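Open the structure in your viewer and keep the sequence beside it. This tour says what to select at each stop and what is found there.

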Amino acid sequence: MAKVIREKKMAVSQEALFKTITEFEKYPDFLKEVVGAKVVGKRTPEKIRVQFEIEIVRKFIYILEFSIVSKNEITWKLIESDFFKQNEGRWILNSNGTHETAVHYELEVGVVFLIPSWISNKFLIALNRERENSLRPKQEIKETVWQMNQNQI
């Protein structure tokens, strides 16, 4: 299993970043490995289950349950998958002013088949870099969140 923990200050409002992160069904619009995303089951203000379809060599489907802990914390955990045996993490967003947010991001994943840890770590770095880079609100397109991945694992 591989784990990433990143902290970064972003020149974007907490509200805009929160909105971008929680628009789960739009992930295929800006995450190239995500080819499908749909809400499954009952959606509540605190919990939502999302089925993702990703294409990495072949297509894989998995369901994550997101918990909206507060307007500044989102957590998730794996519910079902044919690819991951673990996929959990969280975003913590703290406003440092009108247009600055301190971001804390954690992701821990493991896959169902055996691969060397150095390969899974490289895979996680690439996946995480793409995800963090793509989750930026449009007004902050020049901000490179993936820099959080420098000095990775």
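Start by selecting S3 and S4, two strands that pair in the antiparallel sense over ten bridges. Strands (E, at least two residues) and helices (H or I, at least four) are DSSP runs, numbered from the N terminus, and two strands pair if DSSP finds at least two bridges between them. Before going further, note that this is a predicted model, in which local features need pLDDT of at least 70 and side-chain atom pairs count only at pLDDT 80 or more, while totals for chains, interfaces and linings use all residues. Residues are numbered from 1 along each chain as its sequence is written, and side-chain values use heavy atoms, with hydrogens and water left out.

**Stop 1: the S3-S4 hairpin**

Select Val57. One residue separates S3 and S4 in this hairpin, and Val57 in the turn has a positive phi of about 70 degrees. Next select Ile54, whose bridge partner in S4 is Phe60.

Then select Arg49; what is its bridge partner in S4? The partner is Glu65. Arg49 and Glu65 also form a salt bridge, with the closest N and O atoms 3.0 Å apart. A salt bridge here is a side-chain nitrogen of Lys or Arg within 4 Å of a carboxyl oxygen of Asp or Glu. Arg49 is partly exposed, at 35% relative accessible area, whereas Glu65 counts as buried at 11%. Buried means under 20% relative accessible area, exposed over 50%, and partly exposed in between (1.4 Å probe, protein chains only).

Stay on these strands and select Glu53 and Lys59, whose side chains meet in a salt bridge (3.7 Å, N to O). Glu53 is partly exposed at 25% relative accessibility, and Lys59 is partly exposed at 44%.

**Stop 2: the two faces of S3**

Color Ile48, Val50, Phe52, Ile54 and Ile56, which make up the covered face of S3. Use a second color for Lys47, Arg49, Gln51, Glu53 and Glu55, which make up the uncovered face.

**Stop 3: S2 and the whole sheet**

Add S2, which pairs with S3 in the antiparallel sense over six bridges. Val39 stands opposite Val50 in S3. The hairpin of S2 and S3 has six residues between the strands, and Gly41 in the turn has a positive phi of about 75 degrees.

Now show every strand. In what order do the seven strands stand in the open sheet? The order is S1-S7-S6-S5-S4-S3-S2, with antiparallel pairing. S1 (2-10) and S2 stand at the edges with a single partner strand each, so one side of each has no neighbour in the sheet. The twist averages 20 degrees from one strand to the next. Angles run from 0 to 180 degrees between N-to-C directions, using axes that are lines fitted to C-alpha atoms, for helices over the stretch in contact.

**Stop 4: helix H1**

Select H1, which lies across S1, S4, S5, S6 and S7 and runs at about 160 degrees to S6. Seven of its nine residues are buried, so H1 is largely enclosed by the rest of the structure. The buried ones are Gln14, Ala16, Leu17, Phe18, Thr20, Ile21 and Thr22. They pack against S1, helix H2 (27-30), S4, S5, S6 and S7.

**Stop 5: the nonpolar core**

A nonpolar core is a set of buried Ala, Val, Leu, Ile, Met, Phe, Trp, Tyr and Cys residues joined through side-chain atoms within 4.5 Å. The largest one has 32 residues, and Phe52, Ile54, Phe66 and Trp91 have the most contacts inside it. Helix H1 (14-22) and strands S2 (34-40), S3 (47-56), S4 (58-70), S5 (73-81), S6 (84-97) and S7 (100-111) each supply at least two residues of this core.

Select Phe52. Leaving aside its neighbours within four places in sequence, Phe52 is in contact (heavy atoms within 4.5 Å) with residues including Phe24, Tyr27, Val34, Phe60, Leu64 and Phe66.

**Stop 6: another salt bridge**

Select Arg90 and Glu106, which form a salt bridge with the closest N and O atoms 3.1 Å apart. Arg90 lies in S6 and Glu106 in S7, so the pair ties together parts 16 residues apart in sequence. Arg90 is partly exposed at 27% relative accessible area, and Glu106 is buried at 17%. Finish with Lys47, Arg49, Glu65 and Lys77, which are joined into one network by salt bridges that share partners.
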